[in-house]
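Biologist: I have a model open and want to learn to read it. Can we go through it feature by feature?

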Amino acid sequence: MCAGCFIHLLADARLKEEQATCPNCRCEISKSLCCRNLAVEKAVSELPSDCGFCMKQFPRSLLERHKKEECQDRPLWQSTHKPGTKPHPPPTCFSHRRVTQCKYKRIGCPWQGPYHELTVHESECCHPTKTGNELMEILDEMDQTHKKEMQLYNSVFTLLSFEKIGYTEVQFRPYRTDDFITRLYYETPRFTVLNQTWVLKARVNDSERNPNLSCKRTLSFQLILKSKINSPMECSFLLLKGPYDDVKIHPVIYHFVFNNENNETEYVPLPIIDSVECNKLLAAKNINLRLFIFQIQK
């Protein structure tokens, strides 16, 4: 089976508290028990496969080159690499592709379409002929989006100037509730940051009854202070991917004032980009992330 289906199968087994089994022969499977079948991979590379853009058939071994360089319906990938460095290749997963966009996107043109229609569209695009007032409205909306991105960027640098900063690698381990119908949740062992003891908990789809029946999967987490403190402790915190993981996380900074009576944050979203990334985490034996905590001094 392909890697995506394999990860989804392991994630479903985790949610249902079952041993993952092969859909054909029902033998047990896991990441440690499975390996690549190179002979089959070689044979499959010669089989015909459809291009996700133009839907024409090509041998799988030629498909990647066709999609990157030859297909007239391919997306126009925009290079963002720095001079002197190797450019990043376009994503190979069809579900994550980005369609061709008009060069006047910078002044608000929303057009998206196949590569071979780009020249005709740009010659007829109405955005270059819009009035100044019309363009100002469009640019104001774009500025608001950019402003939000810059606020996050500036917030991170402000936090890095704080006197008390702590970080650690955290490992979420899967557990089950004691309910009649058990539910999956995750919890870390106790860890020490900023001379205080903490625990992180996480849950799937906000603990809905049967998350295995849902195609959309999310994770949320809460930070719990286990130490007793003499005065309120105001903190900002965020979770990032660990140094050896490839999970895609868009960082979000959360804020909370801890005290002895109110020592648990609300459950907040773990900002992974989609359900595919969530399945990657669920399929793993443990979830490894990096936690940063910034203590705000009065």
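**Strands, cysteines and one serine**

Modeller: Start with one pair: Leu239 stands opposite Leu291 in E13. Keep in mind that this is a predicted model.

Biologist: Which strand pairs with E13 in the antiparallel sense over 7 bridges?

Modeller: That is strand E10, residues 233–241. Leu239 and Leu291 face each other across this pairing. Another partnership links Cys235 to Gln295 in E13.

Biologist: What other strand pairs with E13?

Modeller: Strand E5, residues 164–176, pairs with E13 over 9 bridges. The sense is antiparallel here too. Lys164 has Gln295 of E13 as its bridge partner. Gln295 is also the bridge partner of Cys235.

Biologist: How many residues of E13 are buried?

Modeller: The general idea is to count residues with under 20% relative accessible area. In E13, residues 287–295, the count is 7 of the 9. The strand is therefore largely enclosed by the rest of the structure.

Biologist: How should I think about side chains along a strand?

Modeller: In a regular strand, side chains alternate between the two faces of the sheet.

Biologist: And E10, how many of its residues are buried?

Modeller: E10 has 7 of its 9 residues buried, so the rest of the structure largely encloses this strand. E10 also pairs with strand E11, residues 254–258. They run antiparallel, joined by 5 bridges. Met233 stands opposite Phe258 of E11 there.

Biologist: Now the loop before E10. Where is Ser227 found?

Modeller: Ser227 sits in the loop between strand E9, residues 219–225, and E10.

Biologist: Is Ser227 buried or exposed?

Modeller: Compare its relative accessible area with the 20% cut-off. Ser227 has 18%, so it counts as buried.

Biologist: What does the side chain of Ser227 reach at 2.7 Å?

Modeller: The backbone nitrogen of Thr197. The Ser227 side chain also makes a polar contact with the side chain of Gln196, at 3.4 Å. Set aside neighbours within four places in sequence, and Ser227 is in contact with Gln196, Thr197 and Asn260.

Biologist: Next, cysteines. Why is Cys109 not bonded to the closest cysteine sulfur?

Modeller: The general idea is a distance test: two cysteine sulfur atoms must lie within 2.5 Å. The sulfur of Cys109 is 3.7 Å from that of Cys125, its closest, so the gap is too far for a bond. Cys125 is likewise in no disulfide, with the sulfur of Cys109 as its nearest. The count comes to 0 disulfides.

Biologist: Are these two cysteines buried or exposed?

Modeller: Cys109 counts as buried, at 6% relative accessibility. Cys125 is buried too, at 9%.

Biologist: Let's step back to the whole chain. What is its secondary structure?

Modeller: The protein chain has 6 helices and 13 strands.

Biologist: What radius of gyration does the chain have?

Modeller: Use a globule as the reference. For 298 residues, a compact one would have a radius near 19 Å, but this chain has 24 Å. Its C-alpha atoms fill a box of roughly 70 × 65 × 40 Å along the principal axes.

Biologist: How much of the chain is buried?

Modeller: Buried residues make up 33% of the 298. The accessible surface comes to about 19,600 Å². Carbon and sulfur atoms account for 52% of that surface.

Biologist: What share of the contacts joins residues 24 or more positions apart?

Modeller: Take contacts with a separation of 6 or more. Residues 24 or more positions apart account for 54% of these.

Note on methods: Residues numbered from 1 in each chain as written. Predicted model: local features only at pLDDT ≥ 70, side-chain atom pairs only at ≥ 80, totals over all residues. Heavy atoms only, no water. Buried < 20%, exposed > 50% of the residue type's maximum accessible area, 1.4 Å probe, protein only. Helix = DSSP H or I, 4+ residues; strand = E, 2+ residues; numbered from the N terminus. Pairing = 2+ DSSP bridges. Rg over C-alpha atoms; globule rule 2.2 N^0.38 Å. Contact = heavy atoms within 4.5 Å. Areas by Shrake-Rupley, 256 points an atom, 1.4 Å probe, with all protein chains shown as cover. Polar contact = N/O pair within 3.5 Å; in protein donor to acceptor, adjacent residues only side chain to side chain.
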